Amino acid sequence: MTQITHLLPDSRAVGTGELPETRLGVQFTRYPGHEDRPLVESLRAALDDGFTLVVLNSIAAELSGEAPDELNEVAEEARRADVELQLGLGCAGPFDDPARIRAGLNRTLARGLELGVTEFFVYTRSVREGAVEQGRFLDHPAQLRLIRANLEALAPAARDAKVRINVKTHEDLASPEVQSLVQALDPAVFGIGFDVANLVVRGEDPVEAARVLGPQVRMTHLEDAVLFPLPHGYRRRLRAIGEGVFDWEAILGHLFRAGVRDFTLEQHRGKFDAPVFDRSWFTHEPHLDAVGLGQLARLGVATHDGVARGHIPALADWDDEPAPAERRRQLLHSAATVRTILTSIGAGVKKPATILSGEEGLS
């Protein structure tokens with residue numbers, strides 16, 4: 001990757017001469033190493049490591065009574081540390097009873113509003129080749145209409161509270177579909193949650209998607225990836241930012257230029273393929289273009305070359321899940337890489353109010 005060393009034309013805040021402030025965030029259900037501990041300890045660990053934005057994947061366990069509800073304590077501690085709390089609402093469909101989906105989303109939204117949350121995200125679980133639901137076949141456009149209806153049911157409460165709901169670029173949706181969903185909804189309420197690693201599952205170029213979606217992006221879910229060539233296509237595996245094959249200078253540059261100021265790291269374990277060598281796959285992927293597929297092939301070549309040079313483990317070595325200490329190392333490596341790139345393109349990265357873990361964190 002080529003390091004960018006010049007300031008973007010609009011990188012200084014108007015009339016101040018100061019660099020626009022960005023935040024490094026982290027997203028989790030529990031922070032690495034705190035999987036079986038109270039949620040407030042996960043928050044403290046993230047604060048100790050210097051993150052200035054925390055996104056909770058889910059509070060389903062707290063709402064169901066499966067885990068003690070420490071959410072008020074978590075929100076209060078975040079406020080004291082001047083760290084914003086953001087929240088995942090859950091799945092917006094399309095399958096299952098729409099009334100149940102909407103009730104669950106609205107219940108989580110209401111609890112988030114009580115906590116003072118102003119930015120939320122939702123994800124989707126559509127089936128591109130279509131599926132039978134309650135006795136009738138739903139093709140993908142019909143599924144998208146159901147997702148839109150479920151999201152519209154959230155709009156009144158979100159609009160009244162002046163909060164934002166961001167539709168995530170999940171593995172099941174192409175970025176043009178997410179963009180079309182958001183454009184069809186109230187722009188004062190709905191934005192895009194940019195999950196960069198999911199784009200390659202749909203055969204898309206992450207750099208071009210960052211450029212196109214950037215003006216509508218309000219949340220980010222960032223993780224690097226590698227793409228292993230297989231007989232039917234590419235297999236995605238996830239890595240710390242800077243240890244994969246994405247062009248982060250270009251991705252972050254597009255997002256920053258578009259006005260994105262929150263850069264949140266996500267770790268998940270989804271293992272997906274992009275079967276681009278399977279002719280039948282293209283039937284349900286109308287968004288694909290030659291340029292994007294060319295960039296996907298380039299990422300596959302970069303992965304192959306990285307394995308050959310010993311910089312990337314071979315696919316056979318990716319079966320074991322990383323231990324908590326390794327997952328924390330990956331988060332801190334990702335944060336350091338993003339901080340370096342943002343600084344190089346003219347961003348002022350917000351410093352944490354307090355660092356308790358010394359040089360191990362982001363200080």
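**View 1. Helix α5 has the length its residue count suggests.** Helix α5 covers residues 140-152, and at 1.5 Å a residue its 13 residues should span 18 Å; the end C-alpha atoms are indeed 18 Å apart, so the two agree. (That expected span is 1.5 Å times one less than the number of residues.) Helices here are DSSP runs of H or I with at least four residues, strands are runs of E with at least two, and both are numbered from the N terminus. This is a predicted model, where local features need pLDDT of at least 70 and side-chain atom pairs count only at pLDDT 80 or more, while totals for chains, interfaces and linings use all residues. Residues are numbered from 1 along each chain as its sequence is written, and side-chain values use heavy atoms, with hydrogens and water left out.

Take a look at what is tucked away in α5: the buried residues are His140, Ala142, Gln143, Leu144, Leu146, Ile147, Asn150 and Leu151. Buried means under 20% relative accessible area, exposed means over 50%, and partly exposed is in between (1.4 Å probe, protein chains only). At the start of the helix, a side-chain oxygen of Asp139 comes to within 2.9 Å of the backbone nitrogen of Ala142.

**View 2. Gly130 sits in a loop and touches residues around the start of α5.** The loop in question runs between β4 (119-123) and β5 (131-133). Gly130 has a relative accessible area of 12%, so it counts as buried. Setting aside neighbours within four places in sequence, Gly130 is in contact with Phe137, Leu138, Asp139 and Gln143; contact means heavy atoms within 4.5 Å. Asp278 is 148 residues away from Gly130 along the chain, with 18 Å between their C-alpha atoms.

**View 3. His170 is a buried loop residue.** You'll find His170 between β7 (164-168) and α7 (175-184). Its relative accessible area is 11%. The His170 side chain makes a polar contact with the side chain of Glu171, at 3.2 Å. (A polar contact is a pair of N or O atoms within 3.5 Å; within protein, one must be able to donate a hydrogen and the other to accept it, and residues adjacent in sequence count only if both atoms are side-chain atoms.) Not counting residues up to four places away in sequence, His170 also touches Tyr123, Thr124, Arg125 and Asn198.

**View 4. Strand β12 is mostly covered.** Five of the five residues in this strand, 262-266, are buried. In a regular strand, side chains alternate between the two faces of the sheet. Here Asp262, Thr264 and Glu266 point one way, and Phe263 and Leu265 point the other way. Strand β1 (residues 21-28) runs parallel to β12, joined by five bridges. Gly25 has Thr264 as its bridge partner. Two strands pair if DSSP finds at least two bridges between them.

**View 5. Three antiparallel strands make an open sheet.** The order is β10-β11-β13. The edges are β10 (224-230) and β13 (272-274), each pairing on one side only. On average, neighbouring strands are turned by 35° against each other, direction ignored. Helix α11 (residues 290-308) packs on this sheet, touching β10 and β11, and its direction makes about 90° with that of β10. Axes are lines fitted to C-alpha atoms, for helices over the stretch in contact, and angles run from 0 to 180 degrees between N-to-C directions. Three bridges join β11 (residues 233-239) to β13. Arg235 stands opposite Asp273 in β13.

**View 6. Some loops show unusual backbone geometry.** Most residues other than glycine have a negative phi, and most peptide bonds are trans. The bond from Gly93 to Pro94, however, is cis, with omega near 15°. Pro94 lies in the loop between β3 (84-91) and α4 (98-114). Asp96 is placed between β3 and α4 too, and has a positive phi near 85°. At 37% relative accessibility, Asp96 is partly exposed. Over in the loop between α6 (155-161) and β7, Lys162 has a positive phi near 60°. Lys162 is exposed, with a relative accessible area of 74%.
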